[in-house]
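Student: Could you take me through one part of this model up close? I'd like to hear about the pocket and whatever sits around it.

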Amino acid sequence: MIRVGLTGGIGSGKSTVSALLEEHGAVIVDYDLLAREVVEPGEPALDAIAERFGDEVLTPAGELNRPALGAVVFADDAARKDLEAITHPAIRQRAESVERQAGPDAVVVHDNPLLIEMGAAAHCDAVLVVDVPSEVQIARLVGARGMEEADARARIAAQASREERLTHADHVIDNSGSLDQLRDAVDAIWREITRT
């Protein structure tokens with residue numbers, strides 16, 4: 001098994017790179033998906049979040065009110081760390097389960113925006129960082145996702161810095177060009193990782 005860590009700041013295009021790697025046959029462990037699964041109604045993590053942050057972070061139907069929780073944790077580092085202490089162990093457990101099911105010959109890509117913050121880079125055979133300048137991230141978040149600029153900046157600031165991610169990178173994928181350029185870069189890295 002080859003374990004690949006894939007990360008990049010919000011709005012960097014990491015999900016596009018993940019999809020391109022999946023086209024090559026990689027098994028994708030999507031941490032954004034796992035993060036949603038572990039906070040579904042009935043999951044212990046959701047109960048712990050409600051206990052820590054109060055019922056105002058739940059909808060009337062008992063689901064996680066993401067905007068309400070986001071407003072708290074992206075404005076308060078201590079609150080964000082409390083949330084991570086609840087969710088990260090549950091996410092790690094699910095990721096390990098997906099990896100076990102992949103089989104010994106698989107290339108398993110841990111598509112994780114918090115790869116560095118969770119200390120998971122150390123467990124990977126290769127770390128890929130999708131990189132764009134922060135102003136490109138902000139433009140994408142405001143233009144494509146409809147975020148307010150201040151919210152976009154807060155979310156970028158809540159993640160590992162660009163410099164910190166790059167210090168962990170075995171491969172840097174510049175995603176400030178065209179989709180064809182991105183595809184060529186991913187193809188080259190796939191060949192290097194799998195030696196094909």
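**A close look at the largest pocket**

Tutor: Happy to. The largest pocket holds about 1,100 Å³ of space, and keep in mind as we go that this is a predicted model. Its lining is made up of 36 residues. If you want to find the middle on screen, look for D32, A35, F74, P113 and R155, the lining residues that lie nearest the centre of the largest pocket. As for the elements around it, those giving two or more residues to the lining are helix 1 (14-23), helix 2 (31-37), helix 4 (66-73), helix 5 (77-102) and helix 7 (149-158). Helix 5 supplies the largest share, with six residues. By chemistry, the lining of the largest pocket splits into 17 nonpolar, eleven polar and eight charged residues.

Helix 5 also leads us to the second largest pocket, where it again gives the largest share of the lining, this time four residues. The volume here is about 240 Å³, and the lining has 14 residues. Nearest the centre of this second largest pocket are Y31, E96, H110, A120 and H123. Its lining divides into six nonpolar, four polar and four charged residues.

Now pick out H110 from that central group, and follow it into strand 3. H110 points one way from strand 3 along with V108, while V107, V109 and D111 point the other way. That fits a general pattern: in a regular strand, side chains alternate between the two faces of the sheet. Which way they point makes no difference to burial here, as all of these residues are buried. Strand 3 covers residues 107-111, and five of its five residues are buried, so the strand is largely enclosed by the rest of the structure.

What does strand 3 pair with? Strand 1 (residues 2-8) runs parallel to strand 3 and is joined to it by five bridges; within strand 3, V107 stands opposite I2. Strand 2 (residues 27-30) also pairs with strand 3 in the parallel sense, over four bridges. There, I28 has V109 as its bridge partner.

One last stop, for the aromatic side chains. R52 lies over the face of F53, 4.3 Å from the ring centre. If you go looking for aromatic pairs with ring centres within 6.5 Å, the count comes to zero.

Definitions and conventions
Residues numbered from 1 in each chain as written. Predicted model: local features only at pLDDT ≥ 70, side-chain atom pairs only at ≥ 80, totals over all residues. Heavy atoms only, no water. 1 Å grid on protein atoms, 1.4 Å probe; cavity = no way out; pocket = protein on both sides within 12 Å on 5 of 7 lines; lining within 4 Å. Points joined across faces, edges and corners; volume = space filled by probe spheres on them. Nonpolar A, V, L, I, M, F, W, Y, C, P; charged D, E, K, R; others polar. Buried < 20%, exposed > 50% of the residue type's maximum accessible area, 1.4 Å probe, protein only. Pairing = 2+ DSSP bridges. Phe/Tyr/Trp six-rings, centres within 6.5 Å; stacked < 30°, edge-to-face > 60°. Lys NZ or Arg CZ within 6 Å of the ring centre and 35° of its normal.
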